[in-house]
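Hi,

Here is the structure I said I would pass on to you. Have a look at it first, and then read my notes underneath.

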Amino acid sequence: MAKITYIEHGGRQHVVEVPNGQSVMEGAVKNNVPGIDADCGGACACATCHVFVDESWLAKSGDKSSMEESMLDFASEVQPNSRLSCQIKVSDALDGLIVRLPASQH
Amino acid sequence: MSGSTIQRVLIVGAGQAGGETAQRLRAGGFTGEITIFGEEPLPPYQRPPLSKKYLAGEWGEDRLLLRPASVYADEGVTLVLNRRVVWIDRTAKRIRLEGGQELPYDALVLATGAKARALPVVGADLPGVHLLRTAAHVEAIRPRFVAGAKAVIIGAGYIGLETAAVARQLGLEVTVIEAAIRPLARVTSPEMAGFFLDQHTAQGVRFALSAQVAVIKGQSQVSAVGMADGSEIPADIVIAGIGVAPETALAELAGLNVNNGVVVDRAMRTSDPDIYAIGDCCSRPLVHYGDRHGRLESVHNAIEGAKIVAAGILGQQPPKEEAPWFWSDQYDLKLQIAGLFGGYDHLVQRGDMAARKVALFYFARDRLIAVDAVNSPAEYLGAKMLIQEGKSASPADLADPSIPMKDIAAKARAH
Ligand SMILES: Cc1cc2nc3c(=O)[nH]c(=O)nc-3n(C[C@H](O)[C@H](O)[C@H](O)COP(=O)(O)OP(=O)(O)OC[C@H]3O[C@@H](n4cnc5c(N)ncnc54)[C@H](O)[C@@H]3O)c2cc1C
Ligand code: FES
């Protein structure tokens, strides 16, 4: 279980407990956090689950696969800390994680 | 009807399209009543994992659900499950449920999806013969879907091939029977079909192509599939993936315009302006393809329909249509498709089939109309963007993997 803070583009914060094994994307979608569309449901097929991982959590959130990297390359407003949230697996090590959401997923 | 007079929205079908409609309505500020009726026991769930991670046992039911059941109550959305809507009275603007109860609507959304076609042969009702459309179907499949069992999959479309891949992964013996001369005959080019045929063959899947099933044999349960040429393929379990038929019964009874799907306009309105139809059950204008009508079976289409209907009911600007998109996961191959390939006259290959990283771009004359991208997300996203914007790309550039896809797309967009 990890407590994750999602910060909407407008600044609103949502703190959610997400079970281990689920993805950071699922934590948002299943708890009605707006701002992550996740059209493909986590199949790494849509690039509508883009988040910015707080710099202090970058190392712990794991590496991007080359698949994810190429998908992100086409997202709007990509930054070095951009991730597809469906590709970040939740574990105890991510307790306290902070992610920020972009203005739009499309 | 103007947005402000709509107080009661009834949604028929608790699938992805129905569930998303309720969510989008609330997200957009709709404060009236929303009720979703669904025939299945589960709240809206995702079907794609049914032939992927859910079938493989990697995902449980909680991850299948689009959102937990509690969220609907939190949002003031009434979910009525295990109940079929049987009648629409368009004059009185009421629907009738199985059992007789009637309810009024201001706006009605048909999100009734599609039904898997049953095998039209004797023996199709034997225990061990299955369809794969619902979570309940997968539960029924599981006990016989075990290592060492002989699985016969009838129909080599995406669902059939995904099922074959999971079956091999779990250690079943797998034969795929297909009536056409190649797998994926309706959905992709011979070149891409050949690639997937080779991949499955390398994984130990046997294929019977141009093959007709005549009968399913067995005493108390399935034991073999009897072919039209007299041969027999032994089977402990048979899974048929021979396509779906849109669920249009309600619309037909109500006298709505139906033609391979409930016919809708760009706002997803049926021939009755108070009734919308979205998702697998509708036939909609394909705006990137000269507005001809077509029926799509995809998550993209379900979600987009929901967004457009919600915007319509709220009197808001609808989103711009995306190029149709789809994906399929088989083994470690991720196929991503954008656009519709039908009517292509030539294709351009980028990448290498042997390296299992390849994209095929389909052209109608000089226009890019679709891409099939295997483990090639940049090619998929780049082409999707171009198709959406009605832009093409230089075939020579596309065929040259040393030019990054992003640069090709940027150049094409600047044109
Ligand atoms: C195994 C499988 C794998 C797939 N894989 C992919 C994929 O990888 N990518 C992709 O994009 N798409 C995929 N799809 C397609 C995608 O899942 C569908 O296009 C999508 O689910 C359609 O959503 P829908 O809401 O229109 O219909 P459905 O999901 O079919 O939902 C309709 C619901 O309405 C109910 N219903 C019908 N009539 C009534 C009535 N009269 N009263 C009450 N309830 C009623 C039905 O029981 C059903 O629950 C897959 C589909 C399947 C089956
Ligand atoms: S949910 Fe589609 S790529 Fe993450």
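Below is what turned up, starting with the chain contact and ending with a pocket.

Keep in mind that this is a predicted model. Chain A and chain B bury about 2100 Å² between them, with 55% of that on carbon and sulfur atoms. On the chain B side 30 residues take part in the contact, and chain A puts in 20. If you want a place to start looking, try Arg63(B), Leu381(B) and Lys406(B): they supply 25% of the area that chain B buries against chain A, more than any other three residues. Two salt bridges turn up across this interface. Arg63(B) also has a salt bridge with Glu26(A), side chain to side chain, at 2.4 Å from N to O.

Chain B itself splits into domain 1 (3–115 + 245–314), domain 2 (118–242) and domain 3 (332–414). The C-alpha centres of its domains 1 and 3 are 32 Å apart, and their contact takes five residues from domain 1 and six from domain 3. Those two domains of chain B bury about 470 Å² between them, 58% of it on carbon and sulfur atoms. Salt bridges across that interface: zero.

Now the pocket. The second largest one has a volume of about 1000 Å³ and a lining of 50 residues, with Gly35(A), Ile36(A), Asp37(A), Gln23(B) and Arg24(B) nearest its centre. Elements that give two or more residues to this lining are α1 (24–29) of chain A, plus α1 (16–27) and α8 (299–314) of chain B. By type, the lining residues are 22 nonpolar, 15 polar and 13 charged.

Cheers

Note on methods: Residues numbered from 1 in each chain as written. Chains lettered and ligands numbered in written order. Predicted model: local features only at pLDDT ≥ 70, side-chain atom pairs only at ≥ 80, totals over all residues. Heavy atoms only, no water. 1 Å grid on protein atoms, 1.4 Å probe; cavity = no way out; pocket = protein on both sides within 12 Å on 5 of 7 lines; lining within 4 Å. Points joined across faces, edges and corners; volume = space filled by probe spheres on them. Helix = DSSP H or I, 4+ residues; strand = E, 2+ residues; numbered from the N terminus. Nonpolar A, V, L, I, M, F, W, Y, C, P; charged D, E, K, R; others polar. Domains from an automatic or database assignment. Contact = heavy atoms within 4.5 Å. Buried area = accessible area lost by both parts, 1.4 Å probe. Salt bridge = Lys/Arg side-chain N within 4 Å of Asp/Glu carboxyl O.
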